[in-house]
Amino acid sequence: MESATHPSSTSAQGRNFPLVMLRSLGSLQLAILLIAVYAAALVAGTAVEKLHGAAAAQRHVYHAGWFVALNMLLAVNVLAAVLARFPWRLRQAGFVAAHLGLLVLLAGCLLSWCCGSRAILPIVEGRTAHQAYAEDNPDAPPVELGFQVRLRRFRRKLDPGSAMPSHYSSRVDFLDRGDPPNVLREGVEIKLNRPVDFTDPSNGRTYRLFQSGFDGPWFPGQAMFDHHAGENRDRGHVYMSKLSLNHDPGRLWKNLGSLLIIAGIVMVYYVRLGRRSAKNCRLTANSRGLTANSRGLTANSRGLTANSR
């Protein structure tokens, strides 16, 4: 004979179902699995970038739909882990701050993926340029900038005894595209690992310009020199500098998320340290109390011994 399910137990299971789902989605086992897959994806992206270039890595890994879905799954796991522990206690402040920082960081990454852009701006020495070309889609139409960049000078240094460049940089001017003689910023040096930020006056977008590469040098008598030098044929050589333009609207949120993660880790450390110190103080107080009690018992035993004598 089958036993009937009690209505109260059924209603209790229904009330507990959201909490069970939250704990499952925010479980440590799922987090470990997602982190392992994430690490494998980063290794794959690094390998693709080394073998086929940064554009291929962006196209097949970092900007691919499956990688975005992986980020969203990780965000669901983090959010569920935080909500499953609600209401939070004061000692959980570090845990909550670190996990909220992860969510803000992932939101910034999603914003960069949806609304960000990367392009290459090639400029020949002595000339100006206002058209950039998408890194991950060479067939896409050029990006029209609301300003012009004039390359004053390109500098390159070689490693001693080799033809490998150890350093290269571009000195540029930012010009108003509607009024080219109007210089918006003058004599800006863009170096390796030292990017420069500039806001497009036409739409308010902020671009970060990196020194990404170069072509040349070309010398008088070479076809590329005649093609690129134009009116600047009195130059001894000509370079083409390649600047990478990065518009990243999620940069602020990624920085804020990183700060929250650091703050959360620090809070967790000091909360644990404080709890450990409090526990040690209680143990010390208890041991002192036991010592005092033992001394009292010893004194009482001595008194009893004296009385018996």
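A polar contact is a pair of N or O atoms within 3.5 Å; within protein, one must be able to donate a hydrogen and the other to accept it. The exercises below use a predicted model.

**Exercise 1. Find the side chains with which the side chain of Ser 170 makes a polar contact, and decide whether Ser 170 is buried or exposed.**

Solution.
- Step 1: locate the residue. Ser 170 sits in strand E4, residues 165-176.
- Step 2: check the distances. The Ser 170 side chain is 2.5 Å from the side chain of Gln 211 in one polar contact. A polar contact with the Ser 241 side chain comes in at 2.6 Å.
- Step 3: check the cover. The relative accessible area of Ser 170 is 0%, so the residue is buried.
- Step 4: look at the surroundings. Leaving out residues up to four places away in sequence, Ser 170 touches, among others, Leu 151, Phe 154, Val 188, Ile 190 and Leu 243.

**Exercise 2. Give the order of the strands in the open sheet. Which strands stand at the edges?**

Solution.
- Step 1: count the elements. The chain has seven helices and eight strands.
- Step 2: trace the pairing. The order is E5-E4-E3-E2-E1-E8-E7-E6, with antiparallel pairing.
- Step 3: read off the ends. Strands E5 (183-191) and E6 (196-199) are the edges; each has a single partner strand, so one side of each lacks a neighbour in the sheet.
- Step 4: add the twist. From one strand to the next it averages 40°.
- Step 5: inspect one pair. E1 (residues 117-124) and E2 (residues 128-134) run antiparallel and are joined by two bridges. Here Ile 120 stands opposite Tyr 133 in E2.

**Exercise 3. Which parts of the chain does the salt bridge between Asp 173 and Arg 152 tie together?**

Solution.
- Step 1: confirm the bridge. The two side chains meet at 2.9 Å, N to O. The cut-off is 4 Å.
- Step 2: place the partners. Asp 173 is in strand E4 and Arg 152 in strand E3 (residues 143-158), so the bridge ties parts 21 residues apart in sequence.
- Step 3: compare exposure. Asp 173 is buried at 1% relative accessibility, whereas Arg 152 is partly exposed at 35%.
- Step 4: widen the view. Arg 150, Arg 152, Asp 173 and Glu 186 form one network through salt bridges that share partners.
- Step 5: take another pair. Arg 171 and Glu 189 form a salt bridge at 3.0 Å, N to O. This pair links E4 to E5, 18 residues apart. Arg 171 is partly exposed at 25%, and Glu 189 is partly exposed at 22%.
- Step 6: add a buried pair. Lys 254 and Asp 248 meet at 2.8 Å, N to O; both are buried.
- Step 7: give the total. The chain's count is eight salt bridges.

**Exercise 4. Where are the cis peptide bonds before Pro 87 and Pro 217, and what is the phi of Asn 193?**

Solution.
- Step 1: recall the background. Most peptide bonds are trans, and most residues other than glycine have a negative phi.
- Step 2: take Pro 87. The bond from Phe 86 is cis, with omega near 0°. Pro 87 lies in the loop between helices H4 (65-83) and H5 (93-115).
- Step 3: take Pro 217. Its cis bond to Gly 216 has an omega of about 10°. Pro 217 belongs to strand E7, residues 206-218.
- Step 4: take Asn 193. Its phi is positive, about 65°, although Asn 193 is not a glycine. The residue lies in the loop between E5 and E6. Asn 193 is exposed, at 78% relative accessible area.

Note on methods:
Residues numbered from 1 in each chain as written. Predicted model: local features only at pLDDT ≥ 70, side-chain atom pairs only at ≥ 80, totals over all residues. Heavy atoms only, no water. Pairing = 2+ DSSP bridges. Helix = DSSP H or I, 4+ residues; strand = E, 2+ residues; numbered from the N terminus. Axes fitted to C-alpha atoms, helices over the stretch in contact; angles between N-to-C directions. Buried < 20%, exposed > 50% of the residue type's maximum accessible area, 1.4 Å probe, protein only. Contact = heavy atoms within 4.5 Å.
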